[in-house]
Amino acid sequence: MRRQFPVLAAIACALALPGTAVAADELSPRLDELAKPRLADASPAEQARAVSLTTGGPGSLVRLGDGLVFEARFTERAFATATDSLERAGATTISASREYLTVTAVAEPGALEAVGSIPGIEYVEEAQRPKVGRAGVFGESAAVASRGAGSCGDRTIGEGDAQLRADEVRDVLGVDGTGASIGILSDSFDTARYTDEPPETTASQDVADGDLPGAGNPCGRTTPVDVIREWPAPNNAGTVADLGQVDEGRAMLQIVHDLAPGARLSFATANFTETQFAENIATLAAEDPDVMVDDVNYFGEPVYQDGVVANAIADAADQGVAHFTSVGNQRQEIDGQGVGAWEADAYRPAPCPEITPTFGEPLTGADCMDFDPGAGVDTAQNLALQSGSQRFSFHWAEPQYGVTTNLDFYLVDESGNVLASADADEINQSKRPAANFAIALSQNREVRLVIRRSAGTGTPQLLYVPYGRQTALPEHYGEGDRFAGSVVAHYGSEAAQAVGAVRYNNPDRVEAFSIRGQQTQFFAPVDGTTPAAPLPSPETEAKPDVVATNGGLTSFFYEDEPDVFRFFGTSAAAPHAGAVAALQVSADPDITRELMIANQESTARAVPLSPQAASGAGLLDAFEAVSASVAPAAKPVITKRPKPRTSSNRAVFAFRSTRAAGFRCSLDGKRAKPCSSPVRYTVAKPGRRAKRHTFSVFAVNGLGERTAAAKASWSVQKRR
């Protein structure tokens, strides 16, 4: 349908929210509102509604006790005393980044005005909870026995172990992850126990059951998870409950331990801010892991260039670390059509009424995005949203710190009343070509999206991502713009392996929610606060790179049926891929990051009922990937043997070899059998005549290929 939204003339009055005013130059509009007396002491729900956010979940304000977490950017000179300045203003520092001149801190709303008045402070922006890659359960699943699973302890073994053939890697090739190390970045490791509704298990219980390594692990895996940086300990149960901690990182670690139980595990939180996430990646990388995995994205991460998180991943890749990330779950299928992010090649200006921003005075001379890619004009896109939390993030192709086109975003009802918005003032100060808002709907609802260009003359490529469910195809679907799934944030980075999802009991189809698409970058990576230069030509990355299992069993995360816990989403797929990489390292400690990835992709299995765009190289096959990663074993060396002549009928042999996945031993030409050093033999008792014996040992690589034997002979004779 091509038409002009009939009630836009009413928006000039409807868009103004009561009690708003122009934000201070230093405080973001949202923080400026929250600092006002009428909101400073209001409930979290009232505060969230006033600034177009939801009370909890991704995109909500991050709170510690009564304080709000924020990120402040300083001038280079002022950064040297930033911590002291924030303390005098009533804030507490959480972390600081010298590279990006930012400090993450927390303060009560009443102190925000003082924070914004610190000399040398350039911008203060609220922290918002990031999005993790966990998905809702769509479709039926089949419960199976979750405990025992033919292993030591009372373990919960996820189906990905068999689906990706990691069990065969351990049983046939003798490779279990020993010698490899893998770091996980997610929300938290063991803080959900402090919430009002504790999880089924805690980390210590997981260790006792064999689901995680540590002291008391019944399988002998006694090296504990190295928790390098956890979500801060709670002051009370309500604090953590408000933050919605779910210990998704612990569930990811369980998956890795299922497939590669010998690997050393570490964890760092990806919270509070995008900058802190990047710093925690660097902190993990400094521990020299072979593999890292994350499942988090921040709504403000740039899309059309690499941001601070993607930079940290690239830096780790330069050190040889392979990084796997979830590709995202925000796609759905409606009437057989894929619906994900909407993207247009350019902003198409069309006349629209004057609009009063949520924060600020009415602006004249503005225009609005024409959502009709054809000859008609339609400056309000119809969307049919499902009840529940609905979140939108918006991005356009200008470099961070070099924004010249200001875009405002409004969600309005059929009468033109504003339901949620994100305004240009916020973009002017933060210098991000990105914005977001959220709304909680009590029922399914028809809404309209309006995008206004309030300043500048640019017509950049732009997109928005709906993090919620729709009940009908968006207006103008299939008429020219793309709806089916742009990849956002660091998920589209060249340095990261983005992992899509197949269901644990259906390897023939990629999950409908699993994002597939591409990310096009127009600018060099973010570098400090200087706008990045345009690339000589746009660079496009198709994602996902591979797919792996999701929906497998865990001990606590999250309840699918009574007493059955299944982990759905690309968040579950990513650690499966990381675990396969750990097995590859275990088989060949000298394998490079590049060869590891190439072997995964070249041996992946086709997903027959899904297009390649959805599955990338295909479904990972751990057995084939590890086999391809194993170099020929070096000929063994015998390091201990009996004397050439002896009267003892007992003999001990020790041996070693580099790159060997196993050994096979033989005595006197008999069939060689699997063995390990040292090996002991008892031969016939000595007689008067010397009896000669020959020991042979072969090294075996991961393909089952034997080297030439190392041999040792000796004679047994009765003493005279």
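Q: Is Cys665 buried or exposed?
A: This is a predicted model, in which local features need pLDDT of at least 70 and side-chain atom pairs count only at pLDDT 80 or more, while totals for chains, interfaces and linings use all residues. Residues are numbered from 1 along each chain as its sequence is written, and side-chain values use heavy atoms, with hydrogens and water left out. By relative accessible area (1.4 Å probe, protein chains only), buried means under 20%, exposed over 50%, and partly exposed in between. The relative accessible area of Cys665 is 5%, so this residue is buried.

Q: What is the handedness of the disulfide of Cys665 and Cys675?
A: A disulfide is a covalent bond between the sulfur atoms of two cysteines; the criterion applied here is a pair of cysteine sulfur atoms within 2.5 Å. Cys665 and Cys675 are joined at an S to S distance of 2.0 Å. The torsion about their S-S bond is about 70°, so the disulfide is right-handed.

Q: In which strand does Cys675 lie?
A: Strands (E, at least two residues) and helices (H or I, at least four) are DSSP runs, numbered from the N terminus. Cys675 has 19% relative accessibility and therefore counts as buried. Its partner Cys665 belongs to strand β35 (residues 662-667), ten residues apart in sequence, whereas Cys675 belongs to strand β36.

Q: How many disulfides does a search of the whole structure find?
A: One joins Cys665 to Cys675. Another joins Cys352 to Cys368, with an S to S distance of 2.2 Å. The search of the whole structure gives a total of two.

Q: Which strand holds Cys368?
A: Cys368 is buried, at 1% relative accessibility, and Cys352 is also buried, at 16%. Cys352 is in the loop between β16 (349-351) and β17 (367-369). Cys368, 16 residues apart from Cys352, is in strand β17.

Q: Which helix gives the most residues to the largest nonpolar core?
A: A nonpolar core is a set of buried Ala, Val, Leu, Ile, Met, Phe, Trp, Tyr and Cys residues joined through side-chain atoms within 4.5 Å. The largest has 63 residues, of which Val169, Leu253, Val293, Phe324, Val499 and Leu583 touch the most other members. The greatest contribution to this core, eleven residues (within 570-587), comes from helix α16.

Q: How many residues form the other core, which includes Leu34 and Leu86?
A: In the largest core, Leu583 touches, among others, Ala166, Val169, Val175 and Leu259, not counting residues up to four places away in sequence; contact means heavy atoms within 4.5 Å. Apart from the largest core lies another one, with Leu34, Leu86, Val103 and Ala111 among its members. The number of residues in this other core is 27.

Q: What is the relative orientation of helices α13 and α14?
A: Axes are lines fitted to C-alpha atoms, for helices over the stretch in contact, and angles run from 0 to 180 degrees between N-to-C directions. Angles under 35 degrees count as roughly parallel, over 145 as roughly antiparallel, 65 to 115 as roughly perpendicular and the rest as oblique. The axes of α13 (residues 274-285) and α14 (residues 308-318) come within 8 Å and cross at roughly 10°. That makes the two helices roughly parallel.

Q: Which residues of α14 make the contact with α13?
A: The residues of this contact comprise nine nonpolar, one polar and one charged, where Ala, Val, Leu, Ile, Met, Phe, Trp, Tyr, Cys and Pro count as nonpolar, Asp, Glu, Lys and Arg as charged, and the others, Gly among them, as polar. From α13 come Glu274, Thr275, Phe277, Ala278, Ile281 and Ala285. From α14 come Val308, Val309, Ala312, Ile313 and Ala316.

Q: Which residues does Ser493 touch, not counting those up to four places away in sequence?
A: Ser493 lies in the loop between β24 (462-467) and β25 (496-503). At 1% relative accessibility, Ser493 is buried. With residues up to four places away in sequence left aside, Ser493 touches Asp306, Ala310, Gln519 and Lys543.

Q: What is the phi of Asp335?
A: Asp335 is found in the loop between β13 (332-334) and β14 (337-339). This residue is exposed, with a relative accessible area of 69%. Although Asp335 is not a glycine, its phi is positive, at about 55°.
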